[in-house]
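Student: Could you take one part of this protein and walk me through it slowly? I would like to see how the pieces there fit together.

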Amino acid sequence: MIANRKFGIGALLAAMLLMSMVFVPAVNAADNAAKENQDDTSVGEPWFEKGDELNRLSIDELRALAEQNETVRKMIEEDLKIKPAQIESLKDLENLPDNYPEDIRKAEIENFTSKNINQQFSTKATTTNTVDVWIVADEEYRSTFGSNWQTQAYNTIENADNAFYNDHNINFVVGKYSTWDSDDSTDNSSLLLAEAQSETGWNSNHQGMDMLAIFTNQAMDHRGRSESMNYNGGDAWIMKHQITSGWDWHLAQHEASHNYNCPDHGYFGPICIMTYANMMDEDNWCVDCDQTIETNRNHF
């Protein structure tokens, strides 16, 4: 989605703000309501008041800014690099994109093998719950990563499930990739979530999948949005790509946690990925959220 915004000193300052990782949450009445009555609604994650200036831009806006700002250009270059993800089982490799880099695949297998050797004497108390994930990406997300869009989305899912597997023996396995044409006339995350579900036919036929993971890179009114368990099945979520390295999988883990009925804690709360101030540098849940996930681990 192309917006008619002018990039000047304000945009340059925005880039510097993001680079310095200064987060100034906007605390208001909505924050107090964030933890209330989420069971019957979809849950949207707000933007930081400062520190999210670049993340909120569409890919077209970012590219326009990069033409004027060397720092932003380098950030985009770094964002496009493919890095190894952490797999939990060899089953995770069964539906790799056709063009998945061979050196990255080998590195992931080596890391997996090494980890298994180190943990060969440990046992898990429960069996693994496999959640089959259907990835769907819009034209803006695909434009951002080109032919590597499936790889980037796959790696986001694989990194997002690390804590789920380590703490709850839940493994997300990508089983399907699809595209959708997002409505460029809206930034409403609720509408875009519903649109992707409609275009894929998700609400009537899951095609053997359990969770719908929707990726966009057009501007949205929220960072992401997810269905809680009692809302429309609690099995889908949408996220806007974050240019900051490592933020995508944190956001994906946060959104998937809502599917297991974990609530948001607002901007300030326990040290937990469901607390906004912690969600981009924390992959653990608080005691209450851990218990919620464990209680609902058979949701899928």
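Tutor: Let's start with a cluster of aromatic rings: Phe164, Phe172, Tyr260, Trp285 and Phe300 are linked by ring pairs. Please keep in mind that this is a predicted model. Within the cluster, Phe164 and Phe172 form a tilted pair, with 4.9 Å from centre to centre and 40° between the planes. Phe164 is buried, at 0% relative accessibility, and Phe172 is buried too, at 2%.

Now rest your eye on Trp285, another member of the cluster. You will find Trp285 in the loop between α10 and α11 (287–295). Is Trp285 buried or exposed? Its relative accessible area is 5%, and because anything under 20% counts as buried, Trp285 belongs with the buried residues. Leaving aside neighbours within four places in sequence, its contacts include Ala163, Phe164, Asp167 and His168, and also Gln253, Ser257, Ile271 and Ile293. With Ser257 there is something extra: the two side chains make a polar contact of 2.9 Å. You can also look along the chain from Trp285 to Thr275, ten residues apart, where the C-alpha atoms are separated by 9.1 Å.

Next, let's widen the view. Trp285 is among the residues with the most contacts inside the largest nonpolar core, together with Ile135, Ile157, Phe172, Phe215 and Trp237. That core has 46 residues, and helix α7 (residues 149–160) gives the most to it, with five. In soluble globular proteins, nonpolar side chains tend to be buried together. Ile157 is a good residue to click on here: not counting residues up to four places away in sequence, it touches Val133, Ile135, Phe172, Val174, Ala213, Phe215 and Trp237. There is also a second, separate core of 13 residues, which includes Trp134, Val136, Ala196 and Met209.

Phe215, one of those contacts of Ile157, brings us to another ring pair. A search of the whole structure finds ten aromatic pairs. One of them joins Tyr141 and Phe215 and is tilted, at 5.3 Å centre to centre and 45° between the planes. Tyr141 lies in helix α6 (residues 139–145) and Phe215 in strand β4, so this pair ties together parts that are 74 residues apart in sequence. Tyr141 is buried, with a relative accessible area of 0%, and Phe215 is buried at 0% as well.

Strand β4 leads us to the sheet. It is an open sheet of six strands in the order β1-β5-β6-β4-β2-β3, with mixed pairing. At the edges stand β1 (42–45) and β3 (170–180), each with a single partner strand, so one side of each has no neighbour in the sheet. On average, neighbouring strands are turned by 20° against each other, direction ignored.

For β2, eight of its ten residues are buried, so the rest of the structure largely encloses this strand. On one pairing, β2 runs parallel to β3 over ten bridges, and Thr130 stands opposite Asn171 in β3. β2 is also joined to β4 by five bridges, again in parallel, with Val136 opposite Ile214 in β4. The pairing of β1 with β5 (residues 224–227) is antiparallel, over four bridges; there, Ser42 has Glu227 in β5 as its bridge partner.

Key: Residues numbered from 1 in each chain as written. Predicted model: local features only at pLDDT ≥ 70, side-chain atom pairs only at ≥ 80, totals over all residues. Heavy atoms only, no water. Core = buried A, V, L, I, M, F, W, Y, C linked by side-chain atoms within 4.5 Å. Buried < 20%, exposed > 50% of the residue type's maximum accessible area, 1.4 Å probe, protein only. Helix = DSSP H or I, 4+ residues; strand = E, 2+ residues; numbered from the N terminus. Contact = heavy atoms within 4.5 Å. Pairing = 2+ DSSP bridges. Axes fitted to C-alpha atoms, helices over the stretch in contact; angles between N-to-C directions. Polar contact = N/O pair within 3.5 Å; in protein donor to acceptor, adjacent residues only side chain to side chain. Phe/Tyr/Trp six-rings, centres within 6.5 Å; stacked < 30°, edge-to-face > 60°.
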